[in-house]
Amino acid sequence: MDRMKHHYDSAPALTDEKGNMPGFDSEFLDVVDYILRITYRIWEGKQVGLCYDYYSDDCPVYTLAGCSAGADIVVQNTLATIASFPDRTLHAENIIVGERGDGELVSSHRIRTHMTNMGPTEYGPATGKHAVISVIANCILKDNKIVEEWLVRDNYSLCEQLGYDPLEYAQKAAQKPIQPELADYIQSEIARINGSATMSRVGFEGDAQAEAEAFVLANLQNIWNARMVGDVHNAYAVNASLHASANRNLNGHAEIMNFYIQMIGTLSNLRFSADYVTSQPYGEMGVDVAVRWGIAGVHTGGVLYGEPTGAPIFILGETHYRVIDGVIQEEWTVFDELSVMVQVERARLANQA
């Protein structure tokens, strides 16, 4: 049975097998089973109160749209989303898992979510329109609970599919006071990345298939930080595909290089930080690698996001790479580009004041 395509109900485990994850209920066979099952129960099953069972009381959730802490806020945010999109379904495209030690497990859950807008949203009144967007949730799990989460979703695409103009939304959102917790998070991440990331090149002489994590990290360092964009030729297959936020679907070396060039050309002093990496086999053919990352830069280029503002920008992103025959064959990158635009527009307003 392909658990990535199966919708779990709220019944006990579907087999007689028992899980053996220390600290976790025995009904969960492994991390993938845990994530699939609780996601279905909370969202499709509408058992939203189970968030109290599956999120720690002080669980921080980081997004570029706002930061929160604790199961109470997770419950309220989930209810608000369901009120706006009552038929929302979350289809798992991949879950890449790892360990952090001290009993902590990690999941990187890539989702394709379908929903119809039947209630008001932050963008405006209900439109009745259907939307499909990508989401990646990176969670730390311990003792049967999520204890920390980083969440990225393609809100730019959602706004656009609902019939709203992303730039108009960003301009309006920029006029509202920024959440203090979000402001602190952005400032602290910019300081952390600027203080730790370097522009040095990293050599890689190993077996890219056997050492897929090191291979991916070396190429990210060299392309983003050392500005060796031409390394795309070595890192990616000739016919590679890159699926990115705002419904970008890029194919081949030229289009993938242009993606990097546009981002680096928009943000001067760009620094990239790979903050967590894990991997697992992809059948007998390759390796899937998950990376949670952050970018700090200054909006001084006019390639993306309008006229330069000089704004310090932070981007939280997550990516899944599929490495086959020693090169990246396919990539899924998600970040909240709409919230990046809000950062830019907030700086534009400040410059005009």
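**A walk from one helix to the core and the loops**

Let's start at the N-terminal end of helix H1, where Asp30 acts as a cap: one of its side-chain oxygens sits 3.2 Å from the backbone nitrogen of Val32. Keep in mind as you look around that this is a predicted model.

From that cap, follow H1 itself. The helix runs through residues 31-42, twelve residues in total. From its first C-alpha to its last it reaches 17 Å, close to the 16 Å expected at 1.5 Å a residue. Is H1 mostly covered or mostly open? Mostly covered: eleven of its twelve residues are buried. Among them are Val31 and Val32, the latter being the residue whose backbone nitrogen faces the Asp30 cap. Further along, Tyr34, Ile35, Leu36 and Ile38 are buried too, and so are the likes of Asp33, Arg37 and Arg41.

What does the covering? Quite a mix of elements, including helices H2 (51-54) and H3 (71-84). Strands join in as well: E3 (89-101), E4 (104-116), E5 (130-142) and E6 (145-153) are all part of the cover.

Tyr34 from H1 leads us to the next stop, the largest nonpolar core, which has 105 residues. Tyr34, Leu141, Trp224, Tyr236, Tyr260 and Ile315 are the ones that touch the most other members. Strand E5, which we just met over H1, gives this core its largest share, eight residues. As for Ile315, setting aside residues up to four places away in sequence, its partners are Leu64, Met263, Leu267, Trp293, Gly294, Ile295, Phe335 and Val340.

Now hop over to helix H7 (residues 212-225), home of Val216. Val216 counts as buried because its relative accessibility is 1%, while the cut-off for buried is under 20%. Who is it touching? Apart from neighbours within four places in sequence, Val216 is in contact with Val289, Val291, Tyr321 and Val323. His243, 27 residues from Val216 along the chain, has its C-alpha 17 Å from that of Val216.

Finally, have a look at two residues with an unexpected backbone angle. Asn269 isn't a glycine, yet it has a positive phi of about 55°. This residue lies in strand E9 (residues 267-282) and counts as exposed because its relative accessible area is 52%, with the line for exposed drawn at over 50%. Asp325, also not a glycine, has a positive phi of about 55°. Where does Asp325 lie? In the loop between strand E11 (311-324) and strand E12 (327-335). At 71% relative accessibility, Asp325 is exposed.

Key: Residues numbered from 1 in each chain as written. Predicted model: local features only at pLDDT ≥ 70, side-chain atom pairs only at ≥ 80, totals over all residues. Heavy atoms only, no water. Helix = DSSP H or I, 4+ residues; strand = E, 2+ residues; numbered from the N terminus. Expected span 1.5 Å × (residues − 1). Buried < 20%, exposed > 50% of the residue type's maximum accessible area, 1.4 Å probe, protein only. Contact = heavy atoms within 4.5 Å. Polar contact = N/O pair within 3.5 Å; in protein donor to acceptor, adjacent residues only side chain to side chain. Core = buried A, V, L, I, M, F, W, Y, C linked by side-chain atoms within 4.5 Å.
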